[in-house]
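Please look over the sequence and the model below before reading on, and keep both at hand while the text moves from one part to the next.

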Amino acid sequence: MKTISLLGATGSIGTQTLDIIREHPQEFRLAAMSIGKNIDLARKIIIEFQPELVSVQNHIDYNTLKAEFPHTHFTYGEEGLIETAIHKKADIVVNAVLGSVGLNPTLQAIECGKTIAIANKETLVTAGHLVMEAAEKNNVAILPVDSEHSAIFQSLQGEKEKNIERLILTASGGSFRDRTRSELEQVTLEEALNHPNWSMGAKITIDSATMMNKGLEVIEAHWLFNIPYDKIDVLLHKESIIHSMVEFHDSSIKAQLGTPDMRVPIQYALTYPNRIPLPSNRRLDLAKIGTLNFQEMDFGRFRCLEFAYEAGRSGGTMPTVLNAANEVAVSAFLEGKIRFLQIEDLVEKALSNHQAIAFPSLTFIQEVDKETRQYVRSLLY
Ligand code: MG
């Protein structure tokens, strides 16, 4: 039996993690969880899974839930998130919170020797050097939950890092993969939120449409697998059947395939190195699919991907700026304040406004994050 602390329980990855716990009551137990503001869903989860510790975002919700569930321990805010991450009964922390707020709890959980199943991209993007160093020092495994990184991780089982020629991340192309650059000028929020293959949260769906999601994944892959950027490629593959690949020096390529269902990589992170059935999953029928398509990535069409490579290569604080600017820009787009292509304009402005500082501390990263958000917001009004 593995005991889980789930950060971001009411989000897309969070609820799918709960599906897996529900399907395997002999294997997993939810010990602690954090939620944002969705206290209606939180109530249902508390009743069904009975976690000992629940962290909410604000004090009002904390008081409300505390009165309703006298036998559950509640906490709130950033401190609450950390308390949830280091909950002493948890063996494994699933970090599925949105944004850079996931960073500090991850570092604290690593210090406490917890296995980390990481779905929060921002943690590795903004502080990959700190996270991987702390993980090594504390002998802690960082297990990828993202489908691409899980595919690479699975393909690397039994292989040596020194034998890797390159990583090939596949990209579905998002909601606008068949549109020209000029057509992108006019696209609406509704169209952007309509992803062809994956059902995900709003932020990541927009990031898929701008290709920033793939850019963040390139940076994530760099840190997770310790591979230089010129050995990480992105390939358009619209069916999302091959979730990513590894090429070795002898030209062999290993890939992981499956139907696009996030519960597979989530479950693999929870059961690693073991595998157990996932009864509700649709099995892959290759004969029925017939053809898989691949296409070279167009960096001119998807400028955010280019920005991410540049920010990753510059290193230091640059990926923090990339991520923070993107978070503010995507929020503004979701609120209907800017047009789709303005997302990349804002990210570009923030990057050119910043001078990278190498090996930033956590405090410095948080400072740069805050400054970048202020800067991008100042461009909005
Ligand atoms: Mg992904």
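How many of the 14 residues of α11 are buried? The model in view is a predicted one, and in it 13 of the 14 residues of α11 are buried, taking buried to mean under 20% relative accessible area, so this helix is largely enclosed by the rest of the structure. Helix α11 covers residues 212-225 and reaches 20 Å from its first C-alpha to its last, close to the 20 Å expected at 1.5 Å a residue. Just after α11 comes Asn226, which takes a positive phi of about 55°.

The sheet can be followed next. Seven strands form an open sheet in the order β4-β3-β2-β1-β5-β6-β7, and their pairing is parallel. Its edge strands, each pairing on one side only, are β4 (73-76) and β7 (142-144), while the twist from one strand to the next averages 25°. At the β7 edge, β6 (residues 115-118) pairs with β7 in the parallel sense over three bridges, and here Ile118 stands opposite Pro144 of β7. Helix α6 (residues 121-137) packs on the sheet, where it touches β5 (92-95), β6 and β7, and the direction of α6 makes about 140° with that of β7.

These elements meet again around a pocket. The second largest pocket holds about 550 Å³ of space and is lined by 22 residues, with Met132, Phe153, Glu161, Leu224 and Phe225 lying nearest its centre. At least two residues of this lining come from each of α6, β7 and α11, and α11 gives the most, with four residues.

Definitions and conventions: Residues numbered from 1 in each chain as written. Predicted model: local features only at pLDDT ≥ 70, side-chain atom pairs only at ≥ 80, totals over all residues. Heavy atoms only, no water. Pairing = 2+ DSSP bridges. Axes fitted to C-alpha atoms, helices over the stretch in contact; angles between N-to-C directions. Contact = heavy atoms within 4.5 Å. Expected span 1.5 Å × (residues − 1). Buried < 20%, exposed > 50% of the residue type's maximum accessible area, 1.4 Å probe, protein only. 1 Å grid on protein atoms, 1.4 Å probe; cavity = no way out; pocket = protein on both sides within 12 Å on 5 of 7 lines; lining within 4 Å. Points joined across faces, edges and corners; volume = space filled by probe spheres on them.
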